[in-house]
Amino acid sequence: MGEKYLLTKDNLTAWISQLQQHGRLIAPVMRADELRYDYADGAREVVLGQHNTRRSAKWVFFPQHEVLLRYGKRLDDYSQITDTVIDNTPQVLLGVTPCDARSFVMLDRIFGQGTCQDPYYCARRANTLVIACACAHPTSTCFCNAFGSGPADSTGADVLLYPVDGDYVVELVSDAGKQIGLDWHLPLANEAAIERAEAITAAAAERLQPIELTAGIEQDLAGLFESGLWREVAEKCIACGTCTYNCPECHCFNIVDSELASGGARLRGWDACMFPQFTAQASGYNPRPDQASRWRQRVMHKFSYLPANVGLFGCVGCGRCIVSCPVRLDIRQVLQRVHQEALTRAAAAPGKEG
Amino acid sequence: MSERSCGQLCHNPYLPLPMLIMRIADEVDDRTIKSFDLAFKNVNDADQFTYTPGQFCELSIFGQGEAPFGIASSPVETGFLRFTVKQAGVVTSKLHSLKEGDSIGIRGPLGNTFPLELMHGKNIVVIGGGFAFTTLRSLIITLLDQRADYGDITVVYGARTPGLLMYKNDLNAWEQRGDIKVVQTIDVAAPGWERQVGFVPAVVEQTAPSAANTVGIICGPPVMIRFTLPVMTKLGFGSEQIYTSLENRMKCGIGKCGRCNVGRKYVCLDGPVFSMAQLAELPAEY
């Protein structure tokens with residue numbers, strides 16, 4: 001725990017104005033009756049400390065669609081780049097939930113590490129200060145606790161706010177957070193405020209249903225590639241892809257060209273493993289021919305391949321896929337089903353104890 | 001932004017390098033497969049681009065998109081990069097409509113390579129079928145350039161008809177050499193064809209290359225591979241001695257877009273070249 005400061009409700013507006021001096025403000029705001037992360041005009045628009053948004057904040061670094069480059073048009077030349085679009089605008093992402101802030105750490109390992117860095121993602125990430133707000137309102141679909149996380153997890157945040165009856169206790173988490181925190185000249189929080197902040201997040205943690213989902217899940221999944229459970233799971237799925245679009249960790253994308261009269265743009269847009277075309281080859285062959293194999297990919301990717309490849313799950317337990325699924329598929333039930341299936345198999349395996 | 005570490009790509013891995021189409025040649029008699037010899041438009045790009053047989057590039061045609069293709073030229077052939085492309089989808093159809101002198105883009109080289117270090121000092125058996133001979137051409141020309149570094153080299157290449165065998169000039173030139181055994185075969189007898197007739201698995205069995213101290217490379221239609229592998233097993237090849245190249249659908253080519261994985265491995269990063277022993281550890285998702 002770093003030092004903690006107090007931001008009173010009287011100073012909130014001025015503080016947010018200060019943030020706007022630092023960079024373009026993105027925060028939870030009401031748009032068309034929906035709480036969502038969007039560009040905010042100022043303090044009066046910002047809605048802090050509420051329940052989770054329906055859509056995640058991943059678009060701030062990895063937009064739903066973006067221009068990678070623009071090209072010129074000549075009948076004999078299909079190689080002329082006229083512009084590349086790297087966005088270095090300083091930004092402040094204010095009021096994300098701890099689960100959203102934590103999701104950025106896994107995305108960093110995809111886009112920021114490996115053989116090549118992704119310059120579009122990395123530019124936005126490097127120029128954005130992340131100020132998370134501890135979660136006082138977990139809902140029945142939240143399961144961050146299944147990952148050892150909780151309502152006051154500061155992972156992935158530069159600064160963490162604890163809501164305290166309209167005021168905020170401010171914890172400066174990262175070096176970038178500590179640096180900018182110097183400019184705010186906030187008074188140190190007193191013991192009473194800190195205790196109250198901890199009590200509020202502790203009460204929020206109490207409201208999360210106790211849940212065991214991830215212990216041994218990689219081993220459980222290891223033997224289940226050919227299992228019939230994927231067919232059962234996928235039976236109701238209508239392949240709409242909403243789970244992946246609203247997921248803070250899903251990062252699969254497509255690249256397409258968009259033609260204009262004068263030239264065009266090469267665009268990147270979110271794609272999803274739940275769509276048949278995702279892996280369909282030009283010959284017509286598709287190595288994932290049915291929705292069962294696509295569900296298996298979604299679960300395996302999040303809970304087996306990503307832990308093996310980058311050391312983190314591709315899930316933070318935000319519950320958005322559960323809330324948004326039109327046919328009420330629940331990833332928690334699927335993981336429990338996986339665990340049961342693994343237990344059943346272990347029991348049935350000859351020569352094994354228990 | 002921080003510097004990336006990969007050798008060949010420019011600072012932004014999504015930006016294609018501009019290439020001039022120097023030469024276009026039909027490879028098969030139905031004209032659905034053409035070779036495109038490309039030259040770098042920027043000297044700097046040419047200097048920085050080094051590759052090894054087995055690697056691929058994303059060919060980019062602005063307005064149509066990108067598609068991945070194995071590099072069919074060998075690093076020992078300087079001055080051009082060759083890609084042999086079958087007309088199938090949007091990008092390949094556009095490519096087939098282009099003329100010599102037009103320009104397109106490439107991103108790469110991408111992916112891993114054939115195991116040249118492992119192959120050093122060993123006998124080599126190359127088995128190909130139909131259109132899947134592009135990176136095999138690159139490999140064979142590279143092996144022949146350093147001929148003394150390898151033992152016996154045997155090539156079995158099959159297609160449905162004589163007209164569908166690609167790289168005829170290369171094949172015929174190799175046949176003239178005494179230091180490589182080339183077996184060309186077609187599925188059913190055709191007038192004027194005096195070489196082998198029969199499917200690749202049967203011809204491999206007949207040719208019977210020794211498995212001792214040998215590395216086998218096999219690329220072709222899935223059905224050809226499926227029936228050739230048991231033959232190789234019978235000849236004594238272990239799964240760690242046989243390599244193939246996978247072709248899952250790709251977009252980014254740098255392990256980010258999440259499309260081409262087979263289990264936890266990405267074909268674009270960990271492949272496209274895998275040994276049969278490696279594939280045995282992975283789910284059959286290709």
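How many residue pairs are in polar contact across the interface of chain B and chain A? Keep that in mind as you load the model, which is a predicted one.

**Stop 1: where the two chains meet**

Colour chain A and chain B separately and look at the place where they touch. The rule finds 32 residue pairs in polar contact across this interface, counting pairs with both residues at pLDDT 80 or more. To light up the side that belongs to chain B, start with strand E3 (56–61), strand E4 (65–70) and strand E6 (103–110) of chain B, the elements that give two or more residues to the side touching chain A. E6(B) supplies the largest share there, three residues. By class, this side of chain B holds 20 nonpolar, 14 polar and 13 charged residues.

Now widen the selection to the whole contact: 47 residues come from chain B and 50 residues from chain A. Between them the chains bury about 4000 Å², with carbon and sulfur atoms giving 55% of that area. Show B:Tyr14, B:Phe62 and B:Lys256 as sticks, since these lose the most area to chain A within chain B, together 21% of what that side buries.

While you are here, hunt for the salt bridges: the rule finds four across the interface of chain B and chain A. Pick A:Arg266 and B:Glu66 to see a salt bridge between their side chains, with 3.2 Å from N to O.

**Stop 2: inside chain A**

Hide chain B for a moment. Chain A is assigned domain 1 (4–55 + 87–207) and domain 2 (217–348), so give each range its own colour. The C-alpha centres of these two domains of chain A are 28 Å apart.

Select the seam between them: 24 residues of domain 1 of chain A are in contact with 23 residues of domain 2 of chain A. About 2000 Å² is buried between these domains of chain A, 62% of it on carbon and sulfur atoms. Ten is also a number to look for here: the rule finds 10 residue pairs in polar contact across this seam, both residues at pLDDT 80 or more.

On the domain 1 side of chain A, pick out helix H2 (98–111) and helix H3 (119–126), the elements that give two or more residues to the side touching domain 2 of chain A. H2(A) gives the most, with 10 residues. This side of domain 1 of chain A divides into 13 nonpolar, five polar and six charged residues.

The count of salt bridges between the two domains of chain A is two. For a close-up, select A:Asp118 and A:Arg268, whose side chains meet in a salt bridge at 2.7 Å, N to O.

**Stop 3: inside chain B**

Bring chain B back and hide chain A. Here the assignment gives domain 1 (17–110) and domain 2 (116–245) of chain B. Their centres, taken over C-alpha atoms, are separated by 24 Å. The contact takes 22 residues from domain 1 of chain B and 17 residues from domain 2 of chain B.

About 1500 Å² is buried between these domains of chain B, 61% of it from carbon and sulfur atoms. Highlight B:Glu27, B:Pro53 and B:Val76: they supply 29% of the area that domain 1 of chain B buries against domain 2 of chain B, more than any other three residues.

Which residue forms a salt bridge with B:Glu77? Zoom in on B:Arg137, where the closest N and O atoms of the pair are 2.8 Å apart. The rule finds one salt bridge across this interface of chain B.

How values were computed:
Residues numbered from 1 in each chain as written. Chains lettered and ligands numbered in written order. Predicted model: local features only at pLDDT ≥ 70, side-chain atom pairs only at ≥ 80, totals over all residues. Heavy atoms only, no water. Contact = heavy atoms within 4.5 Å. Buried area = accessible area lost by both parts, 1.4 Å probe. Polar contact = N/O pair within 3.5 Å; in protein donor to acceptor, adjacent residues only side chain to side chain. Helix = DSSP H or I, 4+ residues; strand = E, 2+ residues; numbered from the N terminus. Nonpolar A, V, L, I, M, F, W, Y, C, P; charged D, E, K, R; others polar.
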